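User: Could you take a close look at the sheets in this one and walk me through how the strands are arranged and what packs against them?

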Amino acid sequence: MSESGRVVIVGGGILGTMHAVLARRRGLAVTHLEREPDGRGASVRNFGLVWVSGRRAGPELALALRARELWESIAADAPGAGFRPHGSLTVASNEAELAVMREAAALPDAKQREFEVLSAAGVREVNPALQGDFLGGLWCRADAIVEPRAALPALRAWLAATGPGYEWLPGREAVEVAANAVRDQSGHWHRGDLVVLCTGANFTGVAGPHLAASGALAGAPGAGGRGLRRVRLQMLQTLPFRGRLATAVADGDSLRYYPAFDVPALPSLPPQAAVAAASRAQLLLVQRLDGSLTIGDTHEYDEPFAFDVDEGAYRHLLDRACALLGTALPPVQRRWAGVYSEVTGTPALYHRSLVRPGVVLVTGPGGRGMTCSPAIAEETFR
Ligand SMILES: Cc1cc2nc3c(=O)[nH]c(=O)nc-3n(C[C@H](O)[C@H](O)[C@H](O)COP(=O)(O)OP(=O)(O)OC[C@H]3O[C@@H](n4cnc5c(N)ncnc54)[C@H](O)[C@@H]3O)c2cc1C
């Protein structure tokens, strides 16, 4: 990083923006390109969960814990990101779910996650908005929340305040790469000591030829399903809820999807409701700063993805949320789907590869990208 001291970043999602933040913290100049007027990808469509609880023990947990630490310090500079260390409660509706939680809470890393198994009364004490029918829950005090729709502008406001060394260029699509450089659609070349492509789940476009030639895509012939794939999720947001949720909330179905809960009791979970199994649904519930509730999610792996959203999955998630809160929900104000890229079939936590000399592609953090983005950016510069 000795020539110009400039980094060119392509992509205004959370990965690109955190690379910009970490670069500015190192005193580097940043040119930041985004093809849309603002980030429109997975980073503004997610729950904003800084989710430590479900991460696999070892490098994945270490990355999430480091990211949690970085988020806290970065959000102190950018309070508009809405960071709050509110923790989460995963609520058990049957004994089998409670048994999984007890085993996870007895593991050596439970202390780092700040796990505690609670009775139903204990759950209500921590989060009095949960007035439904359940047996208990797992409290993870290490989890946190940020505001997905506010975080990118808030981080950019901090970046802009760092001075003329930060240049934000919306409406610029990178269309060609060369050593240490990228060309946008207007023909302008942007050069730096390093170019970082954070182009999200876009597997064609500027990173496409590299991804295809390097065999990085899980669906490529001979890849054996290992590598990068895309996943589509359905989400919704209600109008403001009259109560205050003291924590983020998950239902017992989430135990099936997070590797931290891969404990001996896991296979004893009863089958999921058919509609949940069909859409690989789990309930995650996060209250936004304005009181509204973000509710999701589902998981679709096979492309081509549906272009429309499935109401059956939504009904299931809304019923689950009602059952845990023990009350009717406010009307839904928005529904949307989002797509993220993830590495699958390998121990890698995300994908980083050299596209050209001085040009690196960083993508594929999957459902942990909002959480891990600052730590991933730190690793790029390290
Ligand atoms: C519904 C949903 C819920 C999720 N919930 C969570 C959660 O609660 N916690 C968590 O940790 N993770 C969560 N995730 C995952 C997380 O959102 C993603 O891993 C993360 O946002 C990926 O960030 P990104 O910057 O790589 O991608 P994106 O946010 O998709 O950003 C990529 C950006 O690059 C731009 N771009 C692409 N190509 C070009 C080009 N050629 N030139 C210029 N710009 C370009 C795009 O326009 C886009 O703005 C969720 C994801 C989804 C979809």
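Analyst: Let's take the sheet of 8 strands first: it is open, with mixed pairing, and its order reads 5-6-4-14-15-16-13-17. Keep in mind that this is a predicted model. The ends of that order are strand 5 (115-119) and strand 17 (332-344), and each has a single partner strand, so one side of each is left without a neighbour in the sheet. Going from one strand to the next, the twist averages 25°.

Zoom in on the strand 5 end. Its partner there is strand 6 (residues 136-140), and the two pair in the antiparallel sense over 5 bridges. If you want a spot to click on, try Val117, which stands opposite Leu138 in strand 6. As a reminder, strands of a sheet pair through backbone hydrogen bonds, either parallel or antiparallel.

Now for the other sheet. This one is built from 6 strands, again open and mixed, in the order 8-2-1-12-19-18. Strand 8 (166-170) and strand 18 (351-356) are its edge strands, pairing on one side only. The twist here averages 20° from one strand to the next.

At the strand 8 edge, the neighbour is strand 2 (residues 29-34); these two run parallel and are joined by 5 bridges. Within that pairing, Leu33 has Leu169 of strand 8 as its bridge partner. Helix 1 (residues 14-25) packs on this sheet, and the strands it touches are strand 1 (6-10), strand 2, strand 8, strand 12 (194-197) and strand 19 (359-363). Its direction makes about 170° with that of strand 2.

Helix 1 has a helical partner too. It packs with helix 6 (residues 148-161) at an angle of about 20°, and the two axes are 10 Å apart. Angles under 35 degrees count as roughly parallel, and helix 1 and helix 6 are therefore roughly parallel to each other. Their crossing is left-handed.

Which residues of the two helices make that contact? On the helix 1 side you'll find Ile14, Thr17, Met18, Ala20, Val21, Arg24 and Arg25. Helix 6 brings Leu152, Leu155, Arg156, Trp158 and Leu159. Sorted by character, the contact between helix 1 and helix 6 has 8 nonpolar residues, 1 polar and 3 charged.

Methods: Residues numbered from 1 in each chain as written. Predicted model: local features only at pLDDT ≥ 70, side-chain atom pairs only at ≥ 80, totals over all residues. Heavy atoms only, no water. Pairing = 2+ DSSP bridges. Helix = DSSP H or I, 4+ residues; strand = E, 2+ residues; numbered from the N terminus. Axes fitted to C-alpha atoms, helices over the stretch in contact; angles between N-to-C directions. Contact = heavy atoms within 4.5 Å. Parallel < 35°, antiparallel > 145°, perpendicular 65-115°, else oblique. Left-handed = near helix turned anticlockwise from the far one by under 90°. Nonpolar A, V, L, I, M, F, W, Y, C, P; charged D, E, K, R; others polar.
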